[in-house]
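This text walks through one protein chain, starting from a single loop and moving outward to the whole. Please keep the sequence and the structure in view while reading.

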Amino acid sequence: MSGEAAPPLARSTLDRAAHRRTDSGWLAEAWERARVLVLDSANDGRALVRGETAPPMLVLLGSDELPEVPRSVPMFLGVDPDGVPVFAVDAPLPDLPDARAVTLREVGHLLVDRDAGIFTTALALLNWHVRHGYSSVTGHPTQVDEAGWSRIDPDGDRVWPRTDPAIIVLVHDGVAGQEGRCLLGNNATWPSTPGQRRFSCLAGYVEPGESAEAAVLREVREEVGVGVEEIAYAGSQSWPFPGSLMLGYMARADADEPVRVDPAEIAHARWFTRREIGDALAGRPVDVGAGARLVLPPPSSIALFLIHRWLDGHC
């Protein structure tokens with residue numbers, strides 16, 4: 001997906017070329033002419049970009065320019081539209097002029113489609129490898145195989161990258177115009193910042209044996225005690241922190257139904273008008289009580305994408 005209709009981390013131009021992952025001859029030849037993204041697992045998965053203004057550009061090196069032996073074998077991400085293979089490695093970031101280290105959360109929404117797809121895929125793969133050094137079946141150490149797309153233990157037991165499905169939903173009252181409202185929550189586990197309180201869409205993991213739509217109904221009822229209807233899918237994106245797929249929905253609720261939060265999950269929840277959300281996005285203070293102002297989700301999140309859709313009337 002690409003363009004403004006897509007969540008920020010759902011954009012990509014890479015051909016993943018999955019049929020090449022087991023072609024050792026092709027991979028060896030491709031490595032010689034590859035562009036390589038260096039990620040640093042010891043530094044929150046950061047990569048290098050150049051450019052202080054949008055869009056910053058990912059720093060991609062030639063395979064002969066890597067500064068030292070990487071911590072991982074090269075992970076094949078795919079082939080660029082210009083035919084150049086793209087790989088990623090886990091290694092300390094090189095010290096390059098005019099380059100700065102950033103996280104995907106910081107710049108994912110600013111990157112061009114190609115770079116957003118490269119960074120998101122590479123980080124998702126890296127985080128999976130870091131957490132799967134041993135087989136969950138045998139307990140034996142595993143090794144990277146299939147150009148980074150699987151791991152295998154000495155007995156031949158193979159595992160593939162795991163993605164955990166989670167739903168995230170923008171609950172609204174169905175009312176058009178500036179006085180239409182959406183229901184946002186402040187998660188009980190989020191750190192507090194004096195003078196600020198972050199509110200976001202309601203979210204949670206899809207449980208075994210459950211559909212995504214059933215998860216929407218359950219999570220909203222559990223977290224804020226409100227029933228929803230008219231559940232509509234709005235888009236999805238990877239959230240590799242460490243390995244989720246966020247399934248985005250819009251759903252309507254009765255704004256007169258009492259909000260009853262589960263304090264183990266939600267510290268605060270309340271309805272906001274379009275006018276208030278627009279003010280917050282414009283940098284104008286919106287009071288949320290106790291001397292705090294409203295802070296909305298970060299730009300790389302699908303939560304803010306859903307809020308913008310609702311703000312623009314796409315319910």
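Pro 242 sits in the loop between β15 and β16. The model shown here is predicted, and in it the peptide bond leading from Phe 241 to Pro 242 is cis, with omega near 10 degrees. Most residues other than glycine have a negative phi, and most peptide bonds are trans.

The two strands around this loop belong together. β15 and β16 make a hairpin, and 4 residues lie between them. Strand β15 covers residues 228-239 and strand β16 covers residues 244-253; the two run antiparallel and are joined by 9 bridges. One place to see the pairing is Ser 238, which stands opposite Leu 245 in β16. In a regular strand the side chains alternate between the two faces of the sheet.

A second backbone feature is found at Asp 98. This residue is not a glycine, yet its phi is positive, at about 65 degrees. Asp 98 lies in the loop between β6 (85-90) and β7.

Strand β7 leads on to a sheet. Here 3 strands form an open sheet with antiparallel pairing, in the order β3-β2-β7. Its edge strands, β3 (57-58) and β7 (99-102), each pair on one side only. Between β2 (residues 47-50) and β7, which run antiparallel, there are 4 bridges. Val 49 has Arg 100 in β7 as its bridge partner.

Another open sheet also has 3 strands and antiparallel pairing, and its order is β8-β9-β10. In this sheet the edge strands are β8 (143-145) and β10 (158-159), each of which pairs on one side only. β8 and strand β9 (residues 150-152) run antiparallel and are joined by 3 bridges. Within that pairing, Gln 143 has Ile 152 in β9 as its bridge partner.

From the backbone the path turns to charged side chains. Side chains of opposite charge can pair when their charged atoms come close. The count for this structure comes to 24 salt bridges. One of the 24 salt bridges joins the side chains of Asp 40 and Arg 71, at 2.9 Å from N to O. This pair links distant parts of the chain, with the two positions 31 residues apart in numbering: Asp 40 is in the loop between β1 (35-39) and β2, while Arg 71 is in the loop between β4 (60-62) and β5 (75-79).

Next comes the division of the chain into domains. The domain assignment of the protein chain gives domain 1 as 18-159 and domain 2 as 164-312. Their contact takes 10 residues from domain 1 and 7 residues from domain 2. The C-alpha centres of domain 1 and domain 2 are 32 Å apart.

What is the area buried between domain 1 and domain 2, and what percentage of it do carbon and sulfur atoms give? The area is about 760 Å², and carbon and sulfur atoms give 66% of it. Across this interface of domain 1 and domain 2 there are 0 salt bridges by the rule used. Polar contacts are present, with 4 residue pairs counted between domain 1 and domain 2.

On the side of domain 1 that touches domain 2, α2 (104-107) and α3 (113-131) each supply at least two residues. α3 gives the most to this side, with 5 residues. By type, the residues on the side of domain 1 that touches domain 2 divide into 4 nonpolar, 4 polar and 2 charged.

The last stop is Cys 315, found in the segment after α6 (302-311). Which residues does Cys 315 contact, leaving aside its neighbours within four places in sequence? They are His 172, Met 250, Arg 274 and Trp 310. Of these, Met 250 falls in strand β16, given as residues 244-253, so the reader is back at the hairpin where this account began. Cys 315 can also be compared with Gly 278: the two are 37 residues apart in sequence and 16 Å apart in space, C-alpha to C-alpha.

Technical notes. Residues numbered from 1 in each chain as written. Predicted model: local features only at pLDDT ≥ 70, side-chain atom pairs only at ≥ 80, totals over all residues. Heavy atoms only, no water. Domains from an automatic or database assignment. Contact = heavy atoms within 4.5 Å. Buried area = accessible area lost by both parts, 1.4 Å probe. Salt bridge = Lys/Arg side-chain N within 4 Å of Asp/Glu carboxyl O. Polar contact = N/O pair within 3.5 Å; in protein donor to acceptor, adjacent residues only side chain to side chain. Nonpolar A, V, L, I, M, F, W, Y, C, P; charged D, E, K, R; others polar. Pairing = 2+ DSSP bridges.
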